[in-house]
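Work through the following exercises with the coordinates open, and attempt each task before turning to its solution.

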Amino acid sequence: MDYGYRMLRHVVAQVFGNFGQAARLTLLLTFLPMGLLLVLFLSTGATLDPSMGQGDMPNPGMIFLLVLAGIVVSAITYCWAAVGWHRFVLLEEYGNGLVPRWHGGFVLSYIGRAILLGIVVFLIAFVSSLVLGGLLFALPGVVSLLVVTGWVLGMSWVITRLGLILPAAALGEPMSIGESWRATAPVATDLLVPLFIIALAMSVLGGLVNLVFQGSVLGFIPQGLLYWIQILLNLSLMTTLYGTQVQGRTLN
């Protein structure tokens, strides 16, 4: 498990030691889809005030188009940011101003592999949830909560072990899901340490934000920042695994 703690320290240092560069490469692209969707939503004449009633909501067709546009824009901007971060860490490639360099082929490959990874993980989650579903009814509430927590951690573990295909796509390198799984086998147990501690830390900090802001709109700002930092930490964990398990690098 000592290697797991070393991975955690490396990932945290990678993000916060390059915080300015991380912000320039990923911050705008992470929140751009949300801002665009909000502007488009308000431009339809809709209101965010629930007291105004449903008469101020856009028609269902408009909502569908907005959601579809949001999915497409989000996929492109998120994957663009992820490619930029992977390439910064692994190739020391700096961005252009507030965004990473545009590598259209790598971004499209990243989107494709992310979709493939999502399908595989969905199938694993679906089958495993069916098995667990029957057991949860027979277990006490506290035990059920622990089982569900373990299942969520387990799915994060599976995603990370299969997810080396993503930094590979950012570099334009071929890699299959099976190759990713085999590459991470030597650190499979150690990987649980950073996954658990990152998830726990983000959950505690998110709870504190909710406690302080009590549902206030202002709470969206720190929650958004926590969301962004968690994305960076998860990306950095995959990047670190790719560097050590595929490229043969050593942890600092």
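**Exercise 1.** Which backbone oxygen does the side chain of Ser 180 reach, and at what distance?

*Solution.* The model is a predicted one, in which local features need pLDDT of at least 70 and side-chain atom pairs count only at pLDDT 80 or more, while totals for chains, interfaces and linings use all residues. Residues are numbered from 1 along each chain as its sequence is written, and side-chain values use heavy atoms, with hydrogens and water left out.

Step 1: the side chain of Ser 180 reaches the backbone oxygen of Leu 162, at 3.2 Å.

Step 2: place the residue, which is found in helix H7, residues 177–183; helices here are DSSP runs of H or I with at least four residues, strands are runs of E with at least two, and both are numbered from the N terminus.

Step 3: list what Ser 180 touches beyond four places in sequence, namely Arg 161, Leu 162, Gly 163, Leu 164, Ile 165 and Met 175, where contact means heavy atoms within 4.5 Å.

Step 4: with a relative accessible area of 0%, Ser 180 is buried (buried means under 20% relative accessible area, exposed over 50%, partly exposed in between, with a 1.4 Å probe and protein chains only).

**Exercise 2.** Determine where Glu 92 lies and describe its phi.

*Solution.* Step 1: Glu 92 belongs to the loop between helix H3 (60–91) and helix H4 (104–136). Step 2: its phi is positive, about 55°, although Glu 92 is not a glycine. Most residues other than glycine have a negative phi. Step 3: Glu 92 is exposed, its relative accessible area being 61%.

**Exercise 3.** Check the span of helix H9 against the expected value.

*Solution.* Step 1: helix H9 covers residues 220–246, which makes 27 residues. Step 2: the expected span is 1.5 Å times one less than the number of residues, and for H9 this gives 39 Å. Step 3: the end C-alpha atoms of H9 are 38 Å apart, which agrees. Step 4: after H9 comes Gly 248, whose phi is positive, near 80°.

**Exercise 4.** Characterise the protein chain as a whole.

*Solution.* Step 1: the secondary structure comes to nine helices and zero strands. Step 2: the radius of gyration of the chain is 20 Å, close to the 18 Å that the globule rule gives for 252 residues, so the chain is as compact as a globular protein of that length; the radius is taken over C-alpha atoms, and the rule is 2.2 Å times the number of residues to the power 0.38. Step 3: of the 252 residues, 36% count as buried.

Technical notes: Polar contact = N/O pair within 3.5 Å; in protein donor to acceptor, adjacent residues only side chain to side chain.
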